[in-house]
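Let's take a walk through this structure together, one piece at a time. Keep the 3D view open and turn it as you read.

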Amino acid sequence: MRMGKLLKVERLNAGYKLKSATVHAVRDVSFELKEGEFLGIAGESGCGKSTLAFGIVRLLTPPGEIFSGKVEFDGKDLLKMEEEELRRERWKEFSIVFQASMNVLNPVMKVKDQIIDAITYHTNDYDGHLEERAKELLSLVNVSEKYLNAYPHQLSGGMKQRVVIATALALNPKMIIMDEPTTALDVVVQKKILQEIDGLRKKFGFSIIFITHDLSLLVEISDTIAIMYAGSIVEKAASKRLYDNPLHPYTEGLMNSFPPLVGKRKRLHGIAGRPPDLSREMNGCPFYERCTKRIEGVCEREIPKLKEVEPGHTVACHLYDEEGESDAD
Amino acid sequence: MRYIIKRVIFFVITAWAALTMNFILPRLMPGNPAEVMIAKFRGRLNPQAINALEIAFGINVHQNMFIQYADYLKRMVVGNFGVSVTFYPTNVSQVLSQAIPWTIGLFGVSTVIAFLLGTILGIRTSWRRNSASSSVIVPFSLFLNSMPYFWFALVIDYIFAFELGWFPLGGAYSSGGSLHGWALVGSILYYAILPGTTIIVTATGGWLLTMRNNMISVLSDDFVTFARAKGLPDRVIEYKYAARNAILPSFTGFAMALGFIISGALLTEIVFSYPGVGYLLYQSVLNIDYPLMQAIFLFITVAVLTANFIADIVYVFLDPRVRTRGE
């Protein structure tokens, strides 16, 4: 099966314009997502991954904004779309699942009405059978139908997140963006929900962009993994490949910071130092300060570009520069 | 359900406490109020009025305090407040029942209008937070809201009634000739315009600011962003998601305001000589009419308590979280 291209993000720049400074949280991010693909984006807190997620679907609210770039979804440029057209596309074509810790559900509305709302305003459908549909959606995410008439505060964290996922599925979108959907949940529930999500993807064939700070979650489940650091994607590869052969020193560091799935016990290492301040412009590699393999005289002077080192495996690091290339441009 | 029972019990206990305070306070005064009054009237007071005072205050010293208390509670429950000094020999309850409809009619309606108007404007100005109209409306309503309403009442009475003569200076309806039916209704409305405007103009700004602040904090809530992500139309997000949640604190304030209508109308009623409870209280203070004062205070207390009780009950329907909290 040949998978077509669904989403193309080109040189997206986004961030927050504050009075004191401009935080450049997403820097020149480009990537593609195929139909049915599960793309995981991993990075530590504050690396701009949520800004990226919200930026793609134009949900950034002031002071957040998109500075430049292009987001092409199914052949349409989302960033140039009229408000009303965008509103109609939303949820029908792509939906988003927020962090589980957020109170995403309206506290004074019944669960079923919040699901039905998403359908009604896109299809002009007000019929009674929408309740049937809501019931069906809840059963997809293993929530008992008796919660149709419940209010959000009567649900546990895991159930709330399942309701949100059910809502995201309501109109059979082509893509679902998940921004740390399981982070606030306990590990057992996390695992179960993740498996459910993957099952649903296989059943309905939608693409997923799954954003998390927990790289270990992605390794098993996603097709492709992109590693984000200080607002940029520093490495992207098929997840098996990335796991076996991480190229970027940062990726390597991340791999060493969680226990391996198989094999001998080994000592875990964190990455020393802290990520750079995103309100400052950078002249060199953003990871320079923390890198153990840095090349003095090169890395602090030039921002490394993302390049394909092997088919399907791209990395932004001067270690993989070809001879004499570092002096170019 | 348990929540409602709890509210009922709370209502009964506070009402009882208020009644008891009303019983104790006059008895804590040096001497006793009835004696003070009898001295003040220097025998000009009708024996029946003296008797009424004694009943009203229960100063029958020969009786045990507890019997007095029981007797007092009984009288309060059946609404026997004694005889008014000011409007002698009319019963206090009769005097009061004539004033209450005026206050509730004028100030109740004005308060409701102010609340609705302020709330809707609050929603609109928060939704279009940076528009030109909202940057004019907000400071302007802050100005109106901080203006003392009795002062504003004096000003508009002076301009529109005294100087321009467009409206009557005071009163509730035209006293010239006997009016009936629609003519009477028209006259009442005409006389109500100035005092009503005073309340609406000075109170609307407050509701606007409260609602606007609530809205602004709700608009940054995740469920509003999620509603946007769902691609719901703006109108739906604005009202069904944001305003529906933002109105909850405003609503509590509104219930309180309804309870305080009776006492709050005092100064406006004085300015416009409006025959409501506030004006009555003013007269009773001038005439040291203790039975009437006591009844009015009791009435205010009960009004506040009842308004709160109703608000608590209605709140159950507005906020599902309250329903389960009590259980």
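## An open sheet in chain A

In chain A, four strands line up in the order β2-β1-β4-β5 to make an open sheet, and their pairing is antiparallel. Strands β2 (22–34) and β5 of chain A sit at the edges with a single partner strand each, so one side of each has no neighbour in the sheet. Before going further, keep in mind that this is a predicted model.

Let's zoom in on one end of that sheet. β4(A) and β5(A) are held in antiparallel pairing by two bridges. If you look for a matched pair there, you'll find A:Glu72 opposite A:Asp77 of β5(A).

## Backbone oddities in chain A

Which residues does a cis peptide bond join? The two are A:Pro62 and A:Pro63, and omega is about 10°. To find A:Pro63, go to the loop between α1 (49–56) and β4 (64–73) of chain A.

Next, have a look at A:Asp74, in the loop between β4 and β5 (76–77) of chain A. This residue is not a glycine, yet its phi is positive, near 55°. Is A:Asp74 buried or exposed? Neither quite fits: A:Asp74 counts as partly exposed because it has 16 C-beta neighbours inside 10 Å, and a residue needs 20 or more to be buried and 12 or fewer to be exposed.

A:Asn142 is another non-glycine residue with a positive phi, about 60°. You can spot A:Asn142 in the loop between α4 (129–140) and α5 (157–169) of chain A. With 13 C-beta neighbours inside 10 Å, A:Asn142 is partly exposed as well.

## A covered strand and its partners

Now move along chain A to strand β7 (residues 175–179). How much of this strand is covered? Five of its five residues are buried, so we can call β7(A) mostly covered. A bit of background helps here: in a regular strand, side chains alternate between the two faces of the sheet. In β7(A), A:Met175, A:Ile177 and A:Asp179 point one way, while A:Ile176 and A:Met178 point the other way. All of these residues are buried, whichever way they point.

β7(A) has pairing to show you too. With strand β6 (residues 94–97) of chain A, β7(A) pairs in the parallel sense over four bridges. Here, A:Val97 has A:Met178 of β7(A) as its bridge partner. β7(A) also runs parallel to strand β8 (residues 207–212) of chain A, and five bridges join them. In that pairing, A:Met175 faces A:Ser207 of β8(A). How does the chain get from β7(A) to β8(A)? It crosses through helix α6 (residues 187–204) of chain A, making a right-handed β-α-β crossover.

## Two helices packing in chain B

Over in chain B, follow helix α13 (residues 277–286). Its buried residues include B:Val277, B:Gly278, B:Tyr279, B:Leu280, B:Leu281 and B:Ser284. After α13(B) comes B:Ile288, and its phi is positive, near 45°.

What does α13(B) pack against? Helix α5 (residues 92–127) of chain B packs with α13(B) at an angle of about 135°, and the axes are 8 Å apart. That angle is why α5(B) is oblique to α13(B). From α5(B), the contact uses B:Val95, B:Ala99, B:Ile100 and B:Thr103, and from α13(B) it uses B:Val277, B:Gly278 and B:Leu280. Sorted by class, this contact has five nonpolar residues, two polar ones and no charged ones.

One loop residue is worth a stop: B:Phe87, between α4 (65–78) and α5 of chain B. B:Phe87 has 18 other C-beta atoms within 10 Å, so it is partly exposed. How many residues apart in sequence are B:Phe87 and B:Asp289? They are 202 residues apart in sequence, but 9.2 Å apart in space, C-alpha to C-alpha.

## Where the chains touch

Finally, look at the contact between the two chains: 23 residues of chain A and 19 residues of chain B take part. On the chain B side, the elements that give two or more residues are α9 (222–229), α10 (234–259) and α15 (320–325) of chain B. The largest share, six residues, comes from α9(B). By class, the chain B side has eight nonpolar, four polar and seven charged residues.

Notes:
Residues are numbered from 1 along each chain as its sequence is written. Chains are lettered from A and ligands numbered from 1 in the order in which they are written. This is a predicted model: local features need pLDDT of at least 70, side-chain atom pairs count only at pLDDT 80 or more; totals for chains, interfaces and linings use all residues. Two strands pair if DSSP finds at least two bridges between them. A crossover is right-handed if, with the strands pointing away from the viewer, the path from the first strand over the helix to the second runs clockwise. Two residues are in contact if their C-beta atoms, placed from the backbone, lie within 7 Å. Ala, Val, Leu, Ile, Met, Phe, Trp, Tyr, Cys and Pro count as nonpolar, Asp, Glu, Lys and Arg as charged, and the others, Gly among them, as polar. Axes are lines fitted to C-alpha atoms, for helices over the stretch in contact, and angles run from 0 to 180 degrees between N-to-C directions. Angles under 35 degrees count as roughly parallel, over 145 as roughly antiparallel, 65 to 115 as roughly perpendicular and the rest as oblique.
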